[in-house]
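Subject: Structure for your review

Dear colleague,

Please find below the structure that I am handing over to you, together with its sequence. An account of what was found in it follows.

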Amino acid sequence: MPGTTIEPLDLVGLQIPYHFRCPISLELMRDPVTVTTGQTYDRSSIESWVATGNTTCPVTRVPLADFTFIPNHTLRRLIQDWCVANQAFGVQRIPTPKQPADPTMVRTLLSQASSLSNPFQSRLSALRRLKGLARDSDKNRGVISSHNARELLINVLFTDTGSGLSELNVEALAVLVMFQLSESECESIASDPDRVVFLSHMLFHSSIEVRVNSASLVEIVLSGMRSSELRAQISNVDEIFEGVTDILRNLNSYPRALKTGIRALFALCLLKQTRHKAVQAGAPETLIDRLTDLDKCEAERALATIELLCRIPSGCSAFASHALTVPLLVKTILKISDRATEYAAGALMALCSDSEQCQREAVNAGVLTQLLLLVQSDCTERAKRKAQMLLKLLRDSWPEDSIGNSDDFACSEIVPF
């Protein structure tokens with residue numbers, strides 16, 4: 001094919017029609033929109049152009065009268081028809097894009113949902129429409145969030161809770177957990193004992209979705225505050241640990257429940273003075289039982305949580321009493337990620353420092369080979385230091401000439417996620 005500026009964009013044996021290409025990206029348009037000058041661009045490209053401070057039409061250089069982008073449905077359908085006609089060349093039909101939420105409609109829905117004078121069903125319908133919009137796209141969530149939605153949703157969630165959880169509370173919670181809260185918004189929840197108690201009760205609701213969303217809100221609030229005193233307002237409540245642990249223990253067939261439960265438990269265990277509550281709730285046994293069910297990111301969090309709980313005597317004892325703890329931690333080294341390796345080595349260090357039985361279990365599980373490989377690997381320096389400390393601790397368990405000299409290092413802190 002002759003060398004042209006568009007050659008790299010052409011499919012093998014097929015050239016994309018010129019008017020199907022975005023003038024900015026030169027790629028096939030997926031969501032063509034027309035600006036005030038009459039030119040058409042792919043939505044993502046023209047939005048990026050405007051977001052970087054440009055105020056003119058990229059093709060005509062004429063100033064844009066406003067930044068309204070009108071969907072070009074006719075062109076989009078022509079592009080879709082062309083995709084279907086050329087499936088033999090490996091072209092996939094572009095999906096019909098969902099249109100972004102209209103700010104005026106969002107304001108109306110938020111007003112309907114938050115007004116106590118509105119009929120119950122009207123408020124409920126507004127919340128459900130907001131939930132649908134928020135689920136559709138990041139852009140929609142940005143539009144919703146820009147209209148003071150988070151504060152309004154918090155008020156709806158924690159209003160009229162004396163008679164139990166209503167459908168309004170449930171829907172407000174479902175929308176709220178799709179957003180990151182500001183620190184002041186997190187503080188407004190954590191500083192109110194009634195709100196914290198209500199949040200703990202939601203963790204035991206009959207609906208799986210409510211339970212998981214409640215655990216998600218626990219994690220969002222804890223992660224969004226710097227004040228250890230306010231974080232303790234939540235983690236001091238026994239039912240919070242029990243509810244989160246129960247989600248991990250009994251809802252392991254639901255991927256979102258596992259992911260959310262691990263994130264919430266990790267956030268709870270960052271506060272040292274309340275870690276014993278996690279142990280009392282059965283978190284150590286549950287973490288070990290669930291470890292092999294987790295994907296990479298959540299396995300890292302689970303191992304970080306294990307290491308945190310191994311730093312208190314009751315946690316160490318609970319993990320040591322589980323027959324699979326040491327073998328699983330040994331097996332994890334160098335298998336998941338550098339972070340996972342570091343946390344597993346740290347947990348093993350704590351367990352083996354506390355128990356000769358754990359030392360024997362680690363040796364029998366092949367920890368020597370794993371640690372020697374770790375020291376010679378490209379893993380993090382923190383992980384290598386923990387491995388050297390563990391090798392030094394266990395040196396009496398194998399021939400002296402199998403280990404080089406190692407210095408003692410202080411155990412590093414958990415790296416925040």
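I begin with one residue pair in the sheet: Val33 has Pro71, in strand β3, as its bridge partner. Please bear in mind throughout that this is a predicted model.

The Val33 pair belongs to a wider arrangement. Strand β1, which covers residues 32–34, runs antiparallel to β3 and is joined to it by 2 bridges. The sheet as a whole is open and has 3 strands, in the order β2-β1-β3, with antiparallel pairing. Its edges are formed by β2 (40–42) and β3 (70–71), each of which pairs on one side only. In general, the strands of a sheet are paired through hydrogen bonds of the backbone. Helix α1, residues 43–51, lies across β1, β2 and β3, and runs at about 95° to β2.

As to annotation, an unreviewed UniProt entry lists residues 15–89 as "domain: U-box". Over residues 15–89 the chain is 29% helix and 11% strand. The C-alpha atoms at the two ends of that range are 10 Å apart.

Further along the chain, a pair of helices deserves a description. Helix α18 (residues 325–332) and helix α19 (residues 338–354) have axes that come within 8 Å and cross at roughly 145°. The crossing of α18 with α19 is left-handed. On the α18 side, the contact is made by Thr325, Val326, Leu329, Val330 and Thr332. Helix α19 contributes Ala340, Thr341, Ala344, Ala347, Leu348 and Leu351. Of the residues in this contact, 8 are nonpolar, 3 are polar and none is charged.

Finally, I turn to the confidence of the prediction. The mean pLDDT of the protein is 88, with 91% of its residues at 70 or more. Among the elements, β2 has the highest mean pLDDT, at 97, and helix α22 (residues 381–393) the lowest, at 86. Two stretches call for separate mention. Residues 1–9 have pLDDT below 50, and this stretch has 10 contacts in the model beyond near neighbours in sequence. Over residues 401–413 pLDDT also stays under 50, and the model has 27 contacts for them beyond four places in sequence.

With kind regards

Key
Residues are numbered from 1 along each chain as its sequence is written. This is a predicted model: local features need pLDDT of at least 70, side-chain atom pairs count only at pLDDT 80 or more; totals for chains, interfaces and linings use all residues. Side-chain values use heavy atoms; hydrogens and water are left out. UniProt positions are given in the numbering used here, feature names are shortened, and annotations may be inferred rather than shown by experiment. Helices (H or I, at least four residues) and strands (E, at least two) are DSSP runs, numbered from the N terminus. Two strands pair if DSSP finds at least two bridges between them. Contact means heavy atoms within 4.5 Å. Axes are lines fitted to C-alpha atoms, for helices over the stretch in contact, and angles run from 0 to 180 degrees between N-to-C directions. A crossing is left-handed if the near helix is turned anticlockwise from the far one by less than a right angle, and right-handed if clockwise. Ala, Val, Leu, Ile, Met, Phe, Trp, Tyr, Cys and Pro count as nonpolar, Asp, Glu, Lys and Arg as charged, and the others, Gly among them, as polar. pLDDT is the predictor's confidence in each residue, from 0 to 100.
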